Amino acid sequence: MGDRARGIDATQLKYLACGAMVIDHIGMLFSPMAAVAGPGDLLFYLFRYVGRLAFPIFAYFTAEGCRKTGNYRRYLLRLGLFGAFTHIVAFGATGGQSGSVIATFFLSALGIWFYRLLRERGLPAVPALLPALALAVFGQLAHVDYGSAGVCAVTALYLCGEHPRRKLLCLSAAMAATYLIHYPLEIFFQYEMWLGFHTYLPWLRSFFLPFSLLYTLCSWTALPLLSLYNGQRGSGSRWFFYWFYPLHMAVLYGLSTLIP
């Protein structure tokens, strides 16, 4: 019990994730490194690298919430309401480039709910996962943050059960797949690179591959922090983390319209 108390509780980890999220969105809306580097320079995205810490932590605790909530329907309702609201806020703040990560977590939790329901009715694991996969595809089409990769990451974490090492290994693999497979494929299809792949190859080799590797490595910084998780919820209001996302996005977006 003493060892668990000496670790980091869920609330403390989420506060760290919130701080990383603010830094990430400052980098997204203000380009603070533009004074020393251009968009073709890896240094330009320094604030975005720091922000990679946020998603793994929140994804981890969304899966934990699906396992441990005392009222799953109410948990889904909270995620759904805030997911819909924040999706609109995020779309406006990013000019339609990215949606809400809470919407991502809602689709994940909804898919897990279907999985649990179908398993309780005797359906094998693989067919029971089909609704979750369908929701992952929907998330990609709806442009939720992290798309289908984010929905699949939370679902996979849930399927790992209570085994801490298995969850961390799963999370490391999920983040590598997100940044080294899913993200490159998005870019490939978005810019129709197959029409002139040879012209993009130098850029892919000199910039995009190192950029994706840095994103992956920075997302892995969440792993040692999560390994210190002591299994305790910690003090503080859970509503803070629901309201934090839309409020900080609205404030930063408002500031970005005032600063030339």
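Buried means under 20% relative accessible area. Keep that cut-off in mind for the close-ups below, which come from a predicted model.

**View 1. Two cysteines tucked away from the surface.** C66 has a relative accessible area of 0%, so this residue counts as buried. C18 is buried too, this time at 4%. What about a bond between cysteines? The structure holds zero disulfides. For C66, the closest cysteine sulfur belongs to C160 and sits 13 Å away, which is too far for a bond. For C18, the closest one is in C66, at 18 Å, and again that is too far. A disulfide would need the two sulfur atoms within 2.5 Å.

**View 2. The largest pocket.** Here we zoom in on a space of about 1400 Å³. Its lining is made of 47 residues, and the ones nearest the centre are R48, Q97, S98, Y183 and E186. Several helices chip in with two or more residues: α2 (10-30), α3 (46-51), α4 (54-68), α8 (130-141), α10 (164-190), α11 (197-219) and α13 (239-258). Which element gives the most to this lining? That would be α10, with seven residues. Sorted by class, the lining of the largest pocket has 28 nonpolar residues, 14 polar ones and five charged ones.

**View 3. The second largest pocket.** This one holds about 710 Å³ of space. Look for K14, F61, G65, Y75 and Y242, which lie nearest the centre among its 29 lining residues. At least two lining residues come from each of α2, α4, α5 (72-93), α6 (101-120) and α13. The most comes from α4, which supplies six residues. By class, the lining of the second largest pocket splits into 15 nonpolar, eight polar and six charged residues.

**View 4. Helix α10 and its kink.** Let's follow α10 from end to end. This helix has 27 residues and spans 37 Å from its first C-alpha to its last, close to the 39 Å expected at 1.5 Å a residue. Where is the kink in α10 centred? It is centred on T178, with an angle of about 35°. T178 is also one of the buried residues of α10, alongside others including K167, C170, A174, Y179, H182 and I187. When you trace the helix, remember that an α-helix has 3.6 residues a turn, so residues three or four places apart point the same way. As in View 2, α10 gives the most to the lining of the largest pocket.

Note on methods: Residues are numbered from 1 along each chain as its sequence is written. This is a predicted model: local features need pLDDT of at least 70, side-chain atom pairs count only at pLDDT 80 or more; totals for chains, interfaces and linings use all residues. Side-chain values use heavy atoms; hydrogens and water are left out. Buried means under 20% relative accessible area, exposed over 50%, partly exposed in between (1.4 Å probe, protein chains only). On a 1 Å grid over the protein atoms alone, a cavity is a set of points where a 1.4 Å probe fits but cannot get out, and a pocket is an open set with protein on both sides within 12 Å along at least five of seven lines; lining residues have an atom within 4 Å of a point. Grid points are joined across faces, edges and corners, and a volume is the space filled by probe spheres set on the points. Helices (H or I, at least four residues) and strands (E, at least two) are DSSP runs, numbered from the N terminus. Ala, Val, Leu, Ile, Met, Phe, Trp, Tyr, Cys and Pro count as nonpolar, Asp, Glu, Lys and Arg as charged, and the others, Gly among them, as polar. The expected span of a helix is 1.5 Å times one less than its number of residues. The bend at a residue is the angle between axes fitted to the seven residues ending there and the seven starting there.
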